[in-house]
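Q: Please take a close look at a single part of this structure and describe it in a connected way. The part in question is named below the display.

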Amino acid sequence: MKINEKLQKLRELMKEYSIDAYIIPSFDAHQSEYVAEHWKCRQWISGFTGSAGTVVVTLSEAGLWTDGRYHIQAEKQLKGTGIKLFKEGLPDVPSYVDWLNEILFNNSVIGFDGRVFSTAAVKKMQKKFMNKNIKIQSDYDLIGAIWNDRPDIPDNPIMDHDVKYAGKSRIEKLAMVRENMTKNKAQYYVLSSLDDIAWLFNIRGNDVNNNPVVTSYALIEKENAFLFVDTNKVNNITKGKLEEDGVIIKHYNEIKEYIEKIEQNETIIFDPSKTNFWLYSSIKPNVKKVEELNITTKLKSIKNSVEIENLKNCEIRDCIAVVKFMKWLEENIEREEITEITVEEKLKYFRSQQKLFMNTSFDTIAGYKEHAAMMHYKATEENTYKLKKEGFLLFDSGGQYLDGTTDITRTISLGNISEEEKKDFTLVLKGMIDLSMIKFLYGTTGSNLDIIARMPIWQQGIDYKCGTGHGVGFFLNVHEGPHRISLAPNDIKLEEGMVVTNEPGIYKENRHGIRLENMLLVVNDEKTEFGQFMKFETLTYCPIDIEAIDVTMLTDEERNWLNNYHKQVYDKLSIYLNEDEKQWLKNKTRKI
């Protein structure tokens with residue numbers, strides 16, 4: 001079916017159920033950022049393939065809301081569909097909730113599937129729509145009714161994640177959770193987010209591409225811990241290990257029944273931003289509800305000493321793979337046909353040669369020339385460019401290893417570049433270096449630091465319409481909260497042991513895109529009479545293209561940082577390389 005045909009069928013069902021507007025978000029039943037094919041309803045109805053966005057369909061109009069990472073991509077993909085693009089984050093662009101509140105009449109009905117909407121989002125809508133008595137109907141999955149060849153929910157097997165990688169056993173992690181429950185005088189804790197469940201039970205899966213998670217729910221009690229999952233996914237060995245540690249396996253769909261059994265006046269903890277409205281509606285009215293950030297989210301964001309040591313080793317291997325790729329590219333460009341898709345394939349190949357490699361950590365972004373101006377560009381056979389000895393190639397990629405998750409971006413010149421490109425590259429580099437060098441007082445949040453990376457870019461009247469950095473999971477989701485480095489307000493303090501990316505950029509539509517990204521570890525610095533100071537330790541060691549730098553734009557401190565960084569790159573990686581590779585790396589890390 002074409003997009004307009006899908007919209008027509010949806011509107012026919014809306015009329016049948018007396019629904020005036022229907023909302024299709026990007027999420028699954030667990031509020032995941034990246035979802036299995038079964039849950040890609042927003043992509044199916046709109047044709048927009050980005051990871052974030054919301055479609056709203058009324059009986060006469062349709063719109064898609066997405067953030068600055070996807071404005072260029074969405075504009076291209078929505079062309080001719082009849083769906084209007086609303087560019088979130090720009091002035092005078094209403095949210096879809098405000099838009100609906102403006103255009104709908106009193107007593108209208110808004111519909112959506114309650115399984116894919118968070119409790120927090122629904123409560124926000126209910127409050128907003130109260131003044132016009134707009135009703136919410138969350139019982140109908142109308143997309144499922146018209147998507148005839150919809151894929152099934154994945155049934156891939158679960159694997160046990162060894163404590164030698166995880167650092168703490170599930171028994172220890174459950175004890176930490178129950179300690180928090182006791183402080184809240186809670187008898188129950190329901191957990192819906194897949195990465196939190198995987199972390200808590202030391203399990204991994206393959207239900208979401210690039211994200212080693214398992215489609216499941218969890219319910220923690222004082223004595224018992226329940227894992228609700230397709231039981232066919234759990235082999236006898238894994239089941240035995242889980243049961244030995246006090247984890248009881250139940251079928252995925254039994255979660256609602258267990259939540260409904262919770263007696264009135266007992267207390268349940270849940271995260272309203274991660275718990276879907278369908279599940280929330282199963283809680284009896286007089287059950288006391290403690291709504292807070294998932295207990296596990298903060299716990300897993302602070303990596304333990306074993307995880308940190310593993311991740312450092314993992315980063316070395318990952319950077320070796322990237323170095324081998326960069327050398328291969330330089331030596332083979334225009335000797336053979338190399339496209340953006342070739343870049344994706346080769347990066348995965350070189351990573352696959354490293355021990356403990358499991359998969360990529362997200363779909364590689366390989367953008368040549370103006371394609372790189374689309375922050376989350378995805379090459380296809382129809383749109384891929386052939387690389388030449390000119391201009392910039394941006395590649396943003398990462399790996400999933402048993403001992404860690406990586407995320408790195410490099411922009412490299414393949415030949416001649418313009419003065420504008422060189423200037424923009426240097427501005428991005430300055431922002432990345434300045435943030436890497438920052439020393440800050442404990443209690444600082446990522447939103448306090450974001451401006452450090454933007455300042456050189458802002459001074460030239462340029463900006464990038466996204467955050468500067470995100471947390472990274474441990475053999476888990478490449479995007480992990482609760483901390484981040486972003487202009488968006490965030491009250492999460494940067495704690496020792498947190499991992500975060502540093503990735504400023506410049507994106508000029510139809511010209512070029514530039515991004516540089518390293519992963520950083522938050523560590524303690526000195527403690528003085530004024531308090532505990534913190535700093536970042538760089539985890540990613542891979543050369544930055546010195547041919548693309550206007551050295552005159554760097555301060556002495558920035559140049560010294562880069563020279564010292566490149567010395568460490570060579571020292572850490574060269575012992576694993578052959579003589580030819582060593583010579584190549586030595587040249588790429590020479591002093592400037």
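Q: Where does Lys222 sit, and with which residues is Lys222 in contact beyond its neighbours within four places in sequence?

A: The model is predicted, and the account below starts from Lys222 before turning to other parts of the chain.

Lys222 belongs to the loop that links strand β10, residues 216-221, to strand β11, residues 225-229. Its relative accessible area is 36%, and because buried means under 20% and exposed over 50%, Lys222 counts as partly exposed. When neighbours within four places in sequence are set aside, the contacts of Lys222 are Arg178, Met181, Thr182, Ala186 and Gln187. One of these, Thr182, also takes part in a polar contact: its side chain and the side chain of Lys222 are 2.6 Å apart. A further relation across the sequence involves Glu179, which is 43 residues away from Lys222 along the chain, while the two C-alpha atoms are separated by 9.5 Å in space.

For the wider setting, two annotated spans may be considered. An unreviewed UniProt entry assigns the feature "domain: Peptidase M24" to residues 311-522. In the model, this span is 32% helix and 25% strand, and its end C-alpha atoms lie 13 Å apart. The unreviewed entry in UniProt also gives "domain: Peptidase M24 C-terminal" for residues 532-592. Residues 532-592 are 46% helix and 11% strand, with 34 Å between the end C-alpha atoms.

A helix pair can be described next. Helix α14, residues 305-332, packs against helix α19, residues 579-588, at an angle of about 90° and with 11 Å between the axes. Helix α14 is therefore roughly perpendicular to α19. On the α14 side the contact is formed by Val323, Lys324, Met326, Lys327, Glu330 and Glu331, and on the α19 side by Asp580, Glu581, Trp584, Leu585 and Lys588.

Finally, the cysteines deserve attention. The whole structure contains zero disulfides. For Cys319, the closest cysteine sulfur is that of Cys542, at 5.2 Å, which is too far for a bond; a disulfide requires the two sulfur atoms to be within 2.5 Å. Seen from Cys542, the closest cysteine sulfur is in turn that of Cys319, again at 5.2 Å and too far for a bond. Cys319 is buried, at 0% relative accessible area, and Cys542 is likewise buried, at 0% relative accessibility.

How values were computed:
Residues are numbered from 1 along each chain as its sequence is written. This is a predicted model: local features need pLDDT of at least 70, side-chain atom pairs count only at pLDDT 80 or more; totals for chains, interfaces and linings use all residues. Side-chain values use heavy atoms; hydrogens and water are left out. UniProt positions are given in the numbering used here, feature names are shortened, and annotations may be inferred rather than shown by experiment. Helices (H or I, at least four residues) and strands (E, at least two) are DSSP runs, numbered from the N terminus. Buried means under 20% relative accessible area, exposed over 50%, partly exposed in between (1.4 Å probe, protein chains only). Contact means heavy atoms within 4.5 Å. A polar contact is a pair of N or O atoms within 3.5 Å; within protein, one must be able to donate a hydrogen and the other to accept it, and residues adjacent in sequence count only if both atoms are side-chain atoms. Axes are lines fitted to C-alpha atoms, for helices over the stretch in contact, and angles run from 0 to 180 degrees between N-to-C directions. Angles under 35 degrees count as roughly parallel, over 145 as roughly antiparallel, 65 to 115 as roughly perpendicular and the rest as oblique.
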